[in-house]
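Hi,

Here's the structure I promised to pass on. Have a look at it first, and then read on for what turned up when I went through it.

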Amino acid sequence: MIHELLLALSGYPGTIFTWNKRTGLQVSQDLPFLHPSETSVLNRLCKLGSDYIRFTEFIEQHTGHVHPQEHHTNQPNQTGLHGIYLRAFCTGLDSMLQPYRQALLDLEQEIHGCQILETVYKHSCGGLPPVRMALEKILAVCHGVMYKQLAAWMLHGLLLDQSEEFFVKQGPSAGGAGANQEEEEEDLGLGGLSGKQLRELQDLRLIEEENMLAPSLQQFSLRTEMLPSYIPIRVAEKILFVGESVQMFENHNHSPSRAGSILKHQEDLFAAELHRLKQQPLFSLVDFENMIDRIRSTVAEHLWTLMVEESDLLEQLKIIKDFYLLGRGELYQVFIDLAQQMLKTPPTAVTEHDVNVAFQQAAHKVLLDDDNLLPLLHLTVDYQGKDSKDASGPRDGATPPQDTSPREVPPTGWAALGLTYKVQWPLHILFTPAVLEKYNVVFRYLLSVRRVQSQLQHCWALQMQRKHLKSSQTDAVKWRLRNHMAFLIDNLQYYLQVDVLESQFSQLLQQINSTRDFESIRLAHDHFLSNLLAQSFILLKPVFHCLNEILELCLNFCSLVSQTVAALDERGTAQLDILVKGFRRQSSLLFKILSSVRNHQINSDLAQLLLRLDYNKYYTQAGGTLGRFGRQC
């Protein structure tokens, strides 16, 4: 009834608060649930509303544009008083009514929904016993509404909140991330490394490229402004988790005999305990949180059993590692050889089909003939003009199109390559589309490193085939450059596969095996994926950009070598000189970035990569530049 009262005081009466020209604004007499004392207090407030309505009627009558009200639209026009002084008086009177309207607006914002609990709670902490006891009784009645919403949400997955008053809402949270102001890019003389970029490395601030670490969009989130201060955010997050889990079960047409009740058929027991809390005259956070913890533990343990034991989560993680993280290295080595030519040019409408044929052929060649697994995997090639509304519809677990506007044609098919995996229920709550997109980012990066390594090895094979031919000074430069490139890429590949992927995956498995709580698994998996993105430098913009430039230089070098059988002509020599200078510059920049971080004794990931590259101090003795003439590395 609070909303109806505020509307009436604003000049909009209804069925509860009625308007009469003679008696003014009054509480309806047909409300049996109101005590006479309550009616008396409300009618005292209604006198304010009556005066406000009469003032606004007077103002509108003589100006015709201020705050029209529905209850006097049929009032006949009066033409007695008029004049510019009267209009000025009405304008001044309206300005004096503005604080009244603002007070009503502030009240509406202060006592909306669950915020009423906060307001009543604060005023119940006063020192006057009669006031405190009265407000505690009011607060207990208001808590009854909250407990009903909690029971519907946590036990049945139902969000009963038509007026948007509950602290759980449908849709993602607002976020609140503001636009970042660009900082000045002062050059520190580190070959293009700016002060801002160095601070980002030293402060361990990860650059969120394309929101790769943004929280996955959830169907439900917390409306924190509605959460009373005496209910901690940690408790609200548990309530959110339980309701989301129950709702997922309620909405999925699964076999009851397989999954059973997510609350283990304890709904009646939990409902009785919530009802018991509702009957308590005073709210007890200890009892409330203990009750929430019991429900959350039941749900989390059941989800753990369902995912780890029944859905074989460890096997699913191994599949993710084998295919998204290139754990099946022999498969992708064969695939790179088969798809090299078809993906070196910009993709077309048939590229995706051809690539998947090559992927199936590579799987057969390495004796990967799992008829249950291969149909769940599908390579995608995103090219300009590709219809996002494909008649076949999106595959389950596939990442939805990020942008349907026209885009530039990718320079090669490799740049547009992606992998989708059809995730089975209930693993989709762990491997969401947003999570799979992050895996796809890592997949493309690892595949590019593996492809460059393969091309450099192919160049070595060509070198061995031509070693009997007479060599020139240019040949010495060319093969020394290949050796330096291979040295850097081989160590980067070893770092990524051993120091990052294997290490992090081992820790993830240990954490999963040491708990029976689904939330712990989800947190461990999120931590695992975040570490992959961070330790592979995908989120560290200066390092990632430098590594991509090096990979591009290596590919251009391999293309030059493969296209030239005889000695390099003048044009080829000029191209080789550009590649040598570019590789020197980028390798020097990489060394300076890694060394600057090591000197500040932070970020063990960068230090570990530097240890791989400079294990015999060759990098240091070469002045941090690869590609110069000198002893072999």
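Let's begin with strand 6, where both faces are covered: L417, L419 and Y421 are buried on one side, and G418 and T420 are buried on the other. That accounts for the whole strand, since 5 of the 5 residues in 417-421 are buried. Before you read too much into any of this, bear in mind that it's a predicted model.

Strand 6 has a partner, too. Strand 5 (residues 377-381) runs antiparallel to strand 6, and 5 bridges join the two. If you want a spot to check the register, H378 stands opposite T420 of strand 6.

Both strands turn up again around helix 12. The buried residues of that helix are G329, L331, Y332, Q333, F335, I336, A339, Q340 and L343. What covers them? The cover includes strand 5 and strand 6, along with helix 11 (313-323), helix 13 (351-365) and helix 14 (433-465). Helix 12 itself spans residues 329-343 and isn't straight: at D337 there's a bend of about 40 degrees.

Two of those buried helix 12 residues, Y332 and F335, also belong to an aromatic cluster. Its members are Y324, Y332, F335, F359, W414, Y439 and F443. You'll find 16 aromatic pairs in the structure overall.

One pair I'd pick out is Y147 with F288. Their ring centres are 6.1 Å apart and the planes sit at 65 degrees; anything over 60 counts as edge-to-face, so this pair gets that label. What makes it handy for orientation is where the two rings come from: Y147 is in helix 5 (residues 129-156) and F288 is in helix 10 (residues 285-310), so the pair links distant parts of the chain, 141 residues apart. Buried or exposed? Y147 counts as buried at 6% relative accessibility, and F288 is buried as well, at 0%.

F288 has another ring partner in F283. Here the centres are 5.2 Å apart and the planes are at 50 degrees, so the pair is tilted. F283 is partly exposed, with a relative accessible area of 23%.

Back in helix 5, K148 is a different story: at 56% relative accessibility, K148 counts as exposed. From K148 to L160 is 12 residues in sequence and 8.9 Å in space, C-alpha to C-alpha.

There's also a lysine over a ring. The charged end of K321 sits over the ring of F505, 5.5 Å from its centre.

Finally, the whole-chain numbers, in case you want them for setup:

- The protein chain has 20 helices and 6 strands.
- Of its 633 residues, 46% are buried.
- Taking contacts between residues at least 6 apart in sequence, 75% join residues at least 24 apart.
- The accessible surface is about 33400 Å², and 54% of it belongs to carbon and sulfur atoms.

Shout if anything looks odd when you load it up.

Cheers

How values were computed:
Residues numbered from 1 in each chain as written. Predicted model: local features only at pLDDT ≥ 70, side-chain atom pairs only at ≥ 80, totals over all residues. Heavy atoms only, no water. Helix = DSSP H or I, 4+ residues; strand = E, 2+ residues; numbered from the N terminus. Buried < 20%, exposed > 50% of the residue type's maximum accessible area, 1.4 Å probe, protein only. Contact = heavy atoms within 4.5 Å. Areas by Shrake-Rupley, 256 points an atom, 1.4 Å probe, with all protein chains shown as cover. Phe/Tyr/Trp six-rings, centres within 6.5 Å; stacked < 30°, edge-to-face > 60°. Lys NZ or Arg CZ within 6 Å of the ring centre and 35° of its normal. Pairing = 2+ DSSP bridges. Bend = angle between axes of the 7 residues up to and from the residue.
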